[in-house]
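Subject: The structure we talked about

Hi,

Here is the structure I promised to pass on. Have a look through it first, and then read my notes below.

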Amino acid sequence: MASDIQPGLLRKMTVRSVFEKLQQNGPFSRADLTRETGISAPTVSKVVAELIEQGLVEETDVSENLLGRPGKRLRIAKQGSRVVGVTIGQFFSGVTTAAIDGEVDVHRAFSFPTPSNYQTFVELLADCVKKIQETEGFRLLGVGVCVPGLISRQSQIVVHSELAPFLVGRSLSADLSNLAGIQVATRPQGQSLAMAERLFGHARWLRDFVMVDMADGPTLGIYSDGDLIAGRNGLAGQISPPAMLNSDDSGKRQVTTDSDFLAAVCERIGRHMSLDQLWQECQSGAIRLEDELELACHSMAKVVASAINLLNPATLFVHSRILAFEPSLLSRIADLARSQALDASFGSCQLLAASVSVQTAAMAAITDSLTQSLGPRLS
């Protein structure tokens, strides 16, 4: 019986299959790829040439035998190509470059106060991207934006953002792409962090896990059987309206997210600062944070327990910069969550701190978009 798959579609599926194999397990030789994918050697050679031409893959010399000639290996591009990642914070936003394997170049970065005006924000981002294009000697493949909020998959319009309300009702991907003249992919932060953990972090070989992002929301990124669960309109992940999480039965404000934590500390000391500044003052002993950390621990435990009860994950990652303020905080959260979760669900769940940042999450957003543009996945 003849296949219903058109030759052009099958070729796209083959290209994606080879690229994803290099992402997950590379570097490989062409012969390795033939064995690993089951695709014929001539087809692998053609696909590799196409991926090299697009700047997604590069060839490198790797010597397996010191007495012999170096063997040619193929890997995800690290030298000639770059992507740009955009992070959006309540007070500061950043633009960073990286290789498409997620390795961030800290020497090529811009940071600026987050404006409240949308047009000003988009123009600032476009200027940063153009400066990178003009001054750097590599091929820029695209821009990924990690949005602290939710984005409609159909319209690509931001429909919710507590930290950056000026984005709501806007299509940042379309507007920035038009100004900068480059492919732009916007993804919700919770989902982007889950993508990053699977592409670049400790979930690289996991097919089922949950990412809890405590920076804003809080929100979830959920992988099931190797696929990101985004919901019908791409809006899956918001655990609860923030107003429901930010007070307990007595009306006392809770510290559930990074922004709650920072706001609580700033209110107590009577001045504004960034989390980086707070970290420095905490390390120097200028500020003590026991009360705010205790509140954060209890509030975050409720979210973790809810996610475990609802989704029954084998692995749950927690992304929060608050964890860096106290080495034992994750263990304390786990102890509190254990008392609020189902024994069977909690007992089978591994709780880990996220190994990725919002910067790598932004890189994951554009890397995922570039991967999807190659074609559908070969099942």
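Where is asparagine 312 found? Asparagine 312 sits in the loop between α10 (290-311) and β13. I start there since it makes a handy landmark. Asparagine 312 has a positive phi of about 50 degrees, although it is not a glycine. In general, most residues other than glycine have a negative phi, and most peptide bonds are trans. As for its surroundings, asparagine 312 is partly exposed, with a relative accessible area of 45%.

One thing to keep in mind throughout: this is a predicted model.

How confident is the prediction?

The chain has a mean pLDDT of 88, and 92% of its residues reach 70 or more. Confidence peaks in strand β13 (residues 315-319), at a mean of 97, and it is lowest in helix α7 (residues 242-245), where the mean is 45. Over residues 241-247 the pLDDT is below 50, though in the model this stretch still has 15 contacts beyond near neighbours in sequence. Where pLDDT is low, the predicted coordinates should not be read in detail.

More backbone oddities

Glutamine 156 is another non-glycine residue with a positive phi, here about 60 degrees. You will find glutamine 156 in the loop between β7 (150-151) and β8 (158-160). With 23% relative accessibility, glutamine 156 counts as partly exposed.

There is also a cis peptide bond, running from glycine 26 to proline 27, with omega near 5 degrees. Proline 27 belongs to the loop between α1 and α2.

Helix packing

The helices on either side of that loop each have a packing partner to look at.

- Helix α1 (residues 7-25) packs with helix α13 (residues 358-374) at an angle of about 145 degrees, and their axes are 7 Å apart. On the α1 side the contact involves Lys12, Val15, Arg16, Phe19, Glu20 and Gln23, which meet Thr367, Thr371, Gln372 and Leu374 in α13. Sorted by class, the contact of α1 with α13 has 3 nonpolar, 4 polar and 3 charged residues.
- Helix α2 (residues 30-37) packs with helix α3 (residues 41-53) at about 115 degrees, with 9 Å between their axes. The crossing of α2 and α3 is right-handed. Arg30, Leu33, Thr34 and Thr37 of α2 make the contact with Ala41, Val44, Ser45, Val48 and Ile52 of α3. In the contact of α2 with α3, the residues divide into 5 nonpolar, 3 polar and 1 charged.

Cysteines

How many disulfides does the structure hold? The count is 0. A disulfide is a covalent bond between the sulfur atoms of two cysteines, and the distances show why some of the cysteines here have no such bond. For cysteine 146, the closest cysteine sulfur is in cysteine 128, 17 Å away, so it is too far for a bond. For cysteine 282, the closest cysteine sulfur is in cysteine 266, and at 13 Å that is also too far for a bond. Cysteine 146 is buried, with a relative accessible area of 0%.

Cysteine 128 lies in helix α4 (residues 118-135) and counts as buried too, at 8% relative accessibility. Leaving aside neighbours within four places in sequence, cysteine 128 is in contact with Val95, Phe110 and Phe112. Aspartate 225 is 97 residues from cysteine 128 along the chain, and the C-alpha atoms of the two are separated by 38 Å.

Two more buried residues

Glycine 190 is in helix α6 (residues 189-200). Is glycine 190 buried or exposed? At 3% relative accessibility, glycine 190 counts as buried. Beyond neighbours within four places in sequence, glycine 190 touches Met211, Asp213, Thr219, Leu220 and Gly221. The C-alpha atoms of glycine 190 and leucine 150 are separated by 8.9 Å, with their positions 40 residues apart along the chain.

Serine 259 is part of helix α8 (residues 258-269). Its relative accessible area is 17%, so serine 259 is buried, the cut-off being under 20%. Apart from neighbours within four places in sequence, serine 259 is in contact with Gln90, Leu163 and Ala215.

That's my tour. Shout if you want to go through any of it together.

Cheers

Definitions and conventions
Residues numbered from 1 in each chain as written. Predicted model: local features only at pLDDT ≥ 70, side-chain atom pairs only at ≥ 80, totals over all residues. Heavy atoms only, no water. Axes fitted to C-alpha atoms, helices over the stretch in contact; angles between N-to-C directions. Helix = DSSP H or I, 4+ residues; strand = E, 2+ residues; numbered from the N terminus. Left-handed = near helix turned anticlockwise from the far one by under 90°. Contact = heavy atoms within 4.5 Å. Nonpolar A, V, L, I, M, F, W, Y, C, P; charged D, E, K, R; others polar. Buried < 20%, exposed > 50% of the residue type's maximum accessible area, 1.4 Å probe, protein only. pLDDT = per-residue confidence, 0-100. Disulfide = S-S within 2.5 Å.
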